[in-house]
Amino acid sequence: MTPLVTAAVLVAAITHASWNAIAHRITDKLVGFTLIAGGGMLIGLALVPFTAFPAARAWPYLLSSALVHIAYYVLLMRSFRLGDFGQAYPIARGSAPLVVTVLAAVFAHEVPDGWAAAGVALSCAGLTGVALWGLRGRRPNWAAIGAALATGLTIATYTVVDGLGVRASGSSLGYIAWLMAVQGVVIPAYAVHRWRGGTLAVLRPYAALGLLGSALSVLAYALVLWAQTRAELAPIAALRESSVKPGSCGNRCARKTRRRRHGRPATMFATQ
């Protein structure tokens with residue numbers, strides 16, 4: 001992995017943590033993900049006229065990735081509603097690079113060398129350690145852990161699918177534009193069906209915050225997709241998970257703030 005690719009993935013990790021911190025601030029998770037997905041769709045549609053159309057062989061990957069991303073969003077929204085997912089979520093991020101390593105070896109024929117494998121293992125061990133440290137002295141929330149593992153599986157799946165797809169597309173920018181445009185339809189469509197005429201009133205208080213989150217989300221994943229055209233998938237996946245640590249700090253700080261404000265323990269949620 002070249003220094004430029006490494007820098008791009010680290011910037012993506014920071015941006016990734018930032019948009020998730022924004023999503024965390026929006027109390028109603030359907031509102032948050034509607035704005036983020038819908039904003040991503042608008043950004044994708046705005047980019048489409050200025051980017052190359054993905055090659056035909058990339059479209060099966062792109063459409064499959066859109067479906068997996070929708071499953072990921074659904075699992076993530078469910079996970080936000082589980083009280084201890086803030087502790088279990090590092091399991092999702094920690095398990096994903098391991099699964100990516102296996103899937104990349106099978107489908108992309110990328111077998112990491114000793115140093116790369118050690119880096120992936122160290123990253124996963126560190127994130128698992130974060131999860132275990134957070135669970136110390138408490139009974140594990142198995143529903144949250146199950147959601148974390150399922151979320152980790154979707155993360156690993158779309159990582160590999162998109163890695164193969166963007167390489168086949170001929171244009172990383174064209175691929176991200178169409179991916180955002182396609183996958184961004186479903187959650188806003190569901191929200192409009194649920195809220196009907198009150199949709200704008202529900203979204204308006206958080207519109208600016210949510211749209212900022214969507215822009216950061218698109219930027220973060222565009223950088224990852226670009227990096228995947230220039231380096232192996234597993235090391236990129238492991239390096240990207242450095243975004244978990246800022247999120248974990250933000251959760252602890254938020255929990256302390258809420259305790260001081262209300263004088264009682266507060267539920268701690270995770271950021272993606």
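## Helix α10

Buried here means under 20% relative accessible area. With that in hand, let's look at this predicted model, beginning with helix α10. The helix runs over residues 207–228, 22 residues in total. From its first C-alpha to its last it reaches 31 Å, close to the 32 Å expected at 1.5 Å a residue.

Many positions along α10 fall under the cut-off, so here is the list by name. Gly210, Gly213, Ser214, Ser217, Val218, Ala220, Tyr221, Leu223, Val224, Leu225, Ala227 and Gln228 are buried. It helps to recall that an α-helix has 3.6 residues a turn, so residues three or four places apart point the same way.

## Tyr221 and the nonpolar core

Tyr221 is a good residue to follow inwards. The largest nonpolar core has 54 residues, and Tyr221 joins Val100, Tyr175 and Leu179 as the ones touching the most other members. Helix α3 (residues 59–80) gives the most to this core, contributing eight residues.

Which residues does Tyr221 contact once its neighbours within four places in sequence are left aside? They are His69, Tyr158, Thr159, Asp162, Ile176, Leu179 and Arg240.

## A single salt bridge

If you are going through the charged pairs, the list is short: the structure holds one salt bridge. Arg167 and Glu110 form it, with their closest N and O atoms 2.6 Å apart. Arg167 lies in helix α6 (residues 142–169) and Glu110 in the loop between α4 (85–108) and α5 (114–134), so the pair ties together parts that are 57 residues apart in sequence.

As for their surroundings, Glu110 is buried, at 11% relative accessible area, whereas Arg167 is partly exposed, at 32% relative accessibility.

Notes. Residues are numbered from 1 along each chain as its sequence is written. This is a predicted model: local features need pLDDT of at least 70, side-chain atom pairs count only at pLDDT 80 or more; totals for chains, interfaces and linings use all residues. Side-chain values use heavy atoms; hydrogens and water are left out. Helices (H or I, at least four residues) and strands (E, at least two) are DSSP runs, numbered from the N terminus. The expected span of a helix is 1.5 Å times one less than its number of residues. Buried means under 20% relative accessible area, exposed over 50%, partly exposed in between (1.4 Å probe, protein chains only). A nonpolar core is a set of buried Ala, Val, Leu, Ile, Met, Phe, Trp, Tyr and Cys residues joined through side-chain atoms within 4.5 Å. Contact means heavy atoms within 4.5 Å. A salt bridge is a side-chain nitrogen of Lys or Arg within 4 Å of a carboxyl oxygen of Asp or Glu.
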